[in-house]
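Okay, hi everyone, thanks for letting me go today. I'll put the structure up and then we'll walk through it together, so shout if I lose you.

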Amino acid sequence: YQESRPQTVGAPQRNVFRDAVHAYGQVLRNRHYLIHAALLAASFGTMFAYITGSSAVFIDMLGVSSGVYGMLFALTAAGTIIGAAAGGRLARVWSADRLLIGGVLGSGVISLLLLLASTLGLGSIALIAACVVLSNICAGIVMPNATHQALASVGNVAGSAAALLRSMQMLAGAAAGGLVGVLAGNQLTVMATVMTIAALIGVALIFVRQTLLGSPTSPADAR
């Protein structure tokens, strides 16, 4: 917890536990950080709902072979890479703020479409894969932007903030995956439902963000 503190020769050793409590307290009081960390967690939860439920949907429900499932999983995973790469290029044209909002709203719309399709019995392999690729493209746009926005506002406690950020991300993924495993019923509908819940949490956070922070062009002002 002294990683970003100026070091002075001969200075007394600081209490690491006290520094940790102070650092995490500073992070947890930062609304700008918390909202963007929650946006990252919601996006990760949407992705993990698919990761957890995809084998049951494609193999058990739709009857594809393990080899075909592997190719489908690679295809959908490529969506995240495409989204991250596209986000970097689009940032030259659109602001990071607009990309973040667009990615979150896009994820919500796509998850709702997948849920609607599953409810109407339209869950073909091609349609599911297309929806998930688009959802992962949105995640690839959202996650780098949310991470940057969160850490840009925490100054000299960025190490503690990054640790908490990843913890929230993994907890959201575990919660989404656990919910997919616990819920019974049509496997595609269950997966799409949990994806939609996580995505709509992200959409709600965008509205909270706009209400509390406005247009957060200067993270330091939102501390």
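Right, so let me begin with contacts along the chain. If you take contacts between residues at least 6 apart in sequence, 80% of them join residues at least 24 apart. Keep that number in mind as we go. And please remember that this is a predicted model.

What is the chain built from? Its secondary structure comes to 7 helices and 0 strands. Reading from the N terminus, you get α-α-α-α-α-α-α. The chain has 223 residues, and 45% of them count as buried.

Now, the inside. The largest nonpolar core has 27 residues, and Y33, L39 and V104 are the ones with the most contacts inside it. Which elements feed this core with two or more residues each? They are α1 (16-28), α2, α4, α5, α6 (158-182) and α7. The top contributor is α2, giving 8 residues.

Let's zoom in on V104 for a second. If we skip its neighbours within four places in sequence, V104 is in contact with L39, V142, G202, V203 and I206. There's also a second core, separate from that one, with 23 residues, including V64, L114, L115 and C131.

Okay, next: empty space. Rolling a probe the size of a water molecule over the atoms shows where empty space is left. How many cavities of 30 Å³ or more does the structure hold? The count is 1, and the volume of that largest cavity is about 100 Å³. It is lined by 16 residues, and A42, S43, T46, S107 and A199 lie nearest its centre. The elements giving two or more residues to the lining are α2 (31-61), α4 (96-119), α5 (125-151) and α7 (187-213). What kinds of residues line the largest cavity? The split is 9 nonpolar, 7 polar and no charged.

Now I'd like to visit a few single residues. First stop, N30, which sits in the loop between α1 and α2. Is N30 buried or exposed? With a relative accessible area of 4%, N30 is under the 20% cut-off, so it counts as buried. And look at what its side chain is next to. A polar atom of the N30 side chain lies 2.9 Å from the backbone nitrogen of Y33. Yes, that's the Y33 from the core, one of the residues with the most contacts there. On top of that, the backbone oxygen of S153 lies 2.8 Å from a polar atom of the N30 side chain.

Second stop, T196, over in helix α7. T196 has a relative accessible area of 5%, so it is buried too. A polar atom of its side chain lies 3.0 Å from the backbone oxygen of S111. Not counting residues up to four places away in sequence, T196 touches S111, L112 and L115. You've met L115 already, as a member of the second core.

Third stop is a pair, G87 and I141. G87 is in helix α3 (residues 66-90), while I141 lies in helix α5. Why do we call G87 buried? Its relative accessible area is 11%, which is under the 20% limit. I141 comes out at 12%, so I141 is buried as well. What does G87 touch, once residues up to four places away in sequence are left out? The answer is L99 and I141. Counting the same way from the other side, I141 touches G83, A84, G87 and L99. So L99 turns up on both lists.

A couple of distances here, C-alpha to C-alpha. G87 and G103 are 16 residues apart in sequence and 9.4 Å apart in space. I141 and A91 are 50 residues apart in sequence and 10.0 Å apart in space.

Last stop, L34, in helix α2. L34 has a relative accessible area of 29%, so this residue is partly exposed. Leaving aside neighbours within four places in sequence, L34 is in contact with V27 and L28. How far apart are L34 and M168 in sequence and in space? They're 134 residues apart in sequence, and 10.0 Å apart in space, C-alpha to C-alpha.

And that takes us back to the opening number: among those contacts between residues at least 6 apart, 80% join residues at least 24 apart. That's me done, so over to you for questions.

Note on methods. Residues are numbered from 1 along each chain as its sequence is written. This is a predicted model: local features need pLDDT of at least 70, side-chain atom pairs count only at pLDDT 80 or more; totals for chains, interfaces and linings use all residues. Side-chain values use heavy atoms; hydrogens and water are left out. On a 1 Å grid over the protein atoms alone, a cavity is a set of points where a 1.4 Å probe fits but cannot get out, and a pocket is an open set with protein on both sides within 12 Å along at least five of seven lines; lining residues have an atom within 4 Å of a point. Grid points are joined across faces, edges and corners, and a volume is the space filled by probe spheres set on the points. Helices (H or I, at least four residues) and strands (E, at least two) are DSSP runs, numbered from the N terminus. Ala, Val, Leu, Ile, Met, Phe, Trp, Tyr, Cys and Pro count as nonpolar, Asp, Glu, Lys and Arg as charged, and the others, Gly among them, as polar. A nonpolar core is a set of buried Ala, Val, Leu, Ile, Met, Phe, Trp, Tyr and Cys residues joined through side-chain atoms within 4.5 Å. Buried means under 20% relative accessible area, exposed over 50%, partly exposed in between (1.4 Å probe, protein chains only). Contact means heavy atoms within 4.5 Å. A polar contact is a pair of N or O atoms within 3.5 Å; within protein, one must be able to donate a hydrogen and the other to accept it, and residues adjacent in sequence count only if both atoms are side-chain atoms.
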